[in-house]
Structure formats: C-alpha cells, structure tokens
Amino acid sequence: MNEALNLDAAFSALADPTRRAILARLAQGEANVMELAKPFEMTQPAISQHLKVLEDAGLVTRRVDGTTRPRRLAKAGIEAMDQWLAMLRKALEKNYDRLDEVLAAMDQLSPQTRKLIAKPRTRRRGEKR
Amino acid sequence: MSKLTMKTEGDTHIIATRRFAAPPEAVYRAHTDPKIIQKWLLGPEGWTMPVCINEARPGGKFRYEWTNGKGQGFHITGEYIELVPYSRIVHVERMYLPDPTPDSHVETRFDAVGTGTLMTIRMTLPDEPTRAAMLATGMEHGMEASYVRLEGMI
C-alpha cells in the first residue's frame with residue numbers, strides 16, 4: 001500500500017464529512033467496514049466506496065485478517081487528521097475571539113438591571129425623602 | 001483572554017472551556033440574544049448567519065443558518081431544556097450537513113471568576129463512534145469554509 005501523501009487526493013478526500021468521520025473513528029483504533037458503517041445511516045458498500053477514496057489518497061491502509069479487512073490510519077492520515085482538528089480548533093477560537101470583542105463593546109448589564117439603575121423605584125406614599 | 005481548551009472525557013463527552021473578561025451575565029446574554037449571537041457565532045471570515053432564531057426558554061427552539069454567500073451553507077436546530085439566568089443552559093442540538101447528525105446534549109455553565117467568567121461546555125454524544133464523527137465533521141461552525149480556504153492556499 002502506498003503511504004505517500006498525495007496532497008490533492010488527500011484534501012479532496014477530506015472534503016467529505018463522512019470521510020472525515022471515518023478518519024476520526026480510525027484515529028481511535030483499527031476497525032472493519034461493519035464497525036465503520038455503524039454510526040452512519042449508510043450501507044456497507046457506500047462506506048467501502050468512501051474507504052477506497054481514503055486508501056487511494058494514502059490516508060488509510062488495510063490488512064487481511066481471516067475474512068475481514070480491518071482498516072487503520074496511515075501516517076499521512078494521522079497527519080491529515082491533526083491538521084484538520086487544528087483547523088477546527090482555529091475556527092472555534094475565531095468565534096470566541098470575536099465574542100471577546102463583542103463583550104468589550106456591549107453594555108454588560110441586563111435590560112432589567114439597567115432599568116433599575118436608570119429609574120430608581122418611586123417613593124411610596126408617605127415615604128420620606 | 002485565556003485560550004480555548006478542549007478535551008474528551010469517558011467515551012461520549014467533549015469538554016471545552018474558555019475564559020472571558022466580562023461577567024457571567026454578559027456572556028450568558030451573548031449566548032441567548034439572537035442579535036448578539038449573529039455578531040460572533042460565525043466561523044471563519046466571510047461567513048454570515050442570516051437566520052438566527054433563539055427562543056431562550058425551557059422548551060424553546062433555536063435555529064441558526066450560516067452561508068458563505070457563494071452557495072455554501074448549513075444549519076443547526078436545537079431545543080432548550082433548562083435555562084438558569086446567568087449561570088447554566090442545557091439544550092440538545094443537531095447539525096444538518098445536510099443530513100442531520102445524531103443529537104448532542106449540551107450543558108453550558110457560566111461561572112464568575114474574579115470580574116470575568118469561566119465558561120464550561122459539556123457535550124454528551126450517544127456513543128463513542130458518534131463522538132469521533134462529531135469531532136471530525138465540525139462540532140462548531142464554518143469547518144467547510146476552513147477547508148475551502150485551506151484548499152485555496154495549497
């Protein structure tokens with residue numbers, strides 16, 4: 001099995017959410033097609049097709065074990081997953097950096113609290129000034 | 001403020017924490033007021049959230065729709081289970097990519113730390129493979145956009 005990373009094939013393989021999910025599953029350990037198909041509402045042939053794309057891209061390798069062909073991440077697959085998760089993390093961080101700015105700019109009091117401050121309660125009848 | 005931390009716990013949880021300089025009241029409002037949400041929950045540059053419906057009450061629904069203005073987009077729907085102003089939100093959500101992901105159960109806590117807030121998000125997925133899929137397909141928004149941008153760079 002060719003483990004060399006073909007960048008074009010690898011990123012095109014990663015463009016599909018199901019294939020990224022398969023890689024994430026394999027990052028936790030070897031699995032066969034049946035195990036990989038389980039979390040998806042997809043047939044085993046459909047999963048096999050995705051696996052072929054991942055294998056052709058050098059991200060996943062297979063071995064023979066009796067009648068099954070367990071898949072595992074190739075080194076390139078591990079690197080691609082790391083890169084992918086770093087990007088995911090970056091997008092999350094971007095949101096929260098933006099939230100930092102929004103919080104700095106916004107009035108940090110709730111409308112209720114603001115109302116209480118703006119309009120002290122009116123004096124009840126007979127209450128002294 | 002302090003960086004985001006993310007870790008898995010057991011087989012089905014993802015825990016994320018982030019500190020903010022603002023008090024819990026403000027951070028809580030930024031998560032429940034649609035006008036504020038639309039300003040920051042956007043993912044990478046260039047993406048917007050044209051639809052932001054948020055009924056922040058127990059049993060209330062929310063729906064967020066994102067687009068990159070070039071024909072790509074996706075959405076999330078969810079329902080609130082419990083809201084304790086300004087300290088705790090419990091909800092379920094799923095992402096449409098376009099097929100719905102399994103529901104994830106999310107508890108968000110806002111704890112006062114000094115004059116700021118420590119936010120802790122605890123996500124619970126149905127099982128371990130689903131969590132792996134969740135981490136890979138983008139538990140936050142804008143992953144597709146990140147990918148597209150990276151692809152343009154190489």
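## A tour from Thr18(A) outwards

Select Thr18(A) and show its surroundings: apart from neighbours within four places in sequence, Thr18(A) is in contact (heavy atoms within 4.5 Å) with Phe40(A), Met42(A), Ile47(A) and His50(A). This is a predicted model, in which local features need pLDDT of at least 70, side-chain atom pairs count only at pLDDT 80 or more, and totals for chains, interfaces and linings use all residues. Residues are numbered from 1 along each chain as its sequence is written, chains are lettered from A and ligands numbered from 1 in the order in which they are written, and side-chain values use heavy atoms, with hydrogens and water left out.

**Stop 1: helix α2 of chain A**

Thr18(A) sits in helix α2 of chain A. Helices (H or I, at least four residues) and strands (E, at least two) are DSSP runs, numbered from the N terminus. Is Thr18(A) buried or exposed? Thr18(A) is buried, at a relative accessible area of 16%. Buried means under 20% relative accessible area, exposed means over 50%, and partly exposed lies in between (1.4 Å probe, protein chains only).

Now extend the selection to residues 17-26 of chain A, which make up helix α2. Ten of the ten residues are buried, so the helix is largely enclosed by the rest of the structure. Among them are Arg19(A), Arg20(A) and Arg25(A), along with Ile22(A), Leu23(A) and Leu26(A).

**Stop 2: the whole of chain A**

Colour chain A by secondary structure. Chain A holds six helices and two strands, and along the sequence they follow the pattern α-α-α-α-β-β-α-α. Of its 129 residues, 42% are buried. Take the contacts in chain A between residues at least 6 apart in sequence: 52% of them join residues at least 24 apart. The accessible surface of chain A is about 7,900 Å², and carbon and sulfur atoms account for 52% of that surface. Accessible areas come from the Shrake-Rupley method with a 1.4 Å probe, and for residues only the protein chains shown count as cover.

**Stop 3: salt bridges**

Side chains of opposite charge can pair when their charged atoms come close. A salt bridge here is a side-chain nitrogen of Lys or Arg within 4 Å of a carboxyl oxygen of Asp or Glu. The count by this rule is 14 over all chains.

Select Glu55(A) and Arg62(A), whose side chains form a salt bridge at 3.1 Å, N to O. Glu55(A) is buried at 7% relative accessible area, whereas Arg62(A) is partly exposed at 39%.

Move to chain B and select Arg109(B) with Asp111(B): the pair forms a salt bridge whose closest N and O atoms are 3.4 Å apart. Both partners count as partly exposed, Arg109(B) at 33% relative accessibility and Asp111(B) at 30%. Back in chain A, add Arg71(A) to the earlier pair, since salt bridges that share partners join Glu55(A), Arg62(A) and Arg71(A) into one network.

Which residue of chain A does the side chain of Arg18(B) meet in a salt bridge? The partner is Asp97(A), at 3.1 Å, N to O. This pair crosses between chains, from strand β2 of chain B to helix α5 (residues 75-105) of chain A. Arg18(B) is buried, with a relative accessible area of 2%, and Asp97(A) is partly exposed, with 33%.

**Stop 4: the hairpin in chain B**

Stay with strand β2 of chain B (residues 13-20) and add strand β1 of chain B (residues 5-9). The two strands pair in the antiparallel sense over five bridges; pairing requires that DSSP finds at least two bridges between two strands. Met6(B) has Ala16(B) in β2(B) as its bridge partner. β1(B) and β2(B) form a hairpin with three residues between them, and Gly10(B) in the turn has a positive phi of about 55 degrees.

**Stop 5: chain B and confidence**

Show all of chain B, which has four helices and eight strands. From the N terminus, the order is β-β-α-α-β-β-β-β-β-β-α-α. Of the 154 residues of chain B, 53% are buried.

Finally, colour by pLDDT, the predictor's confidence in each residue, from 0 to 100. Chain B has a mean pLDDT of 83, and 86% of its residues reach 70 or more. Where in chain B is confidence lowest? The lowest mean, 40, belongs to helix α4 (residues 143-153) of chain B, and the highest, 96, to strand β7 (residues 104-113) of chain B. Over residues 139-154 of chain B pLDDT stays under 50, and the model has 43 contacts for this stretch beyond four places in sequence. For the complex, the predictor gives an ipTM of 0.82 and a pTM of 0.70.
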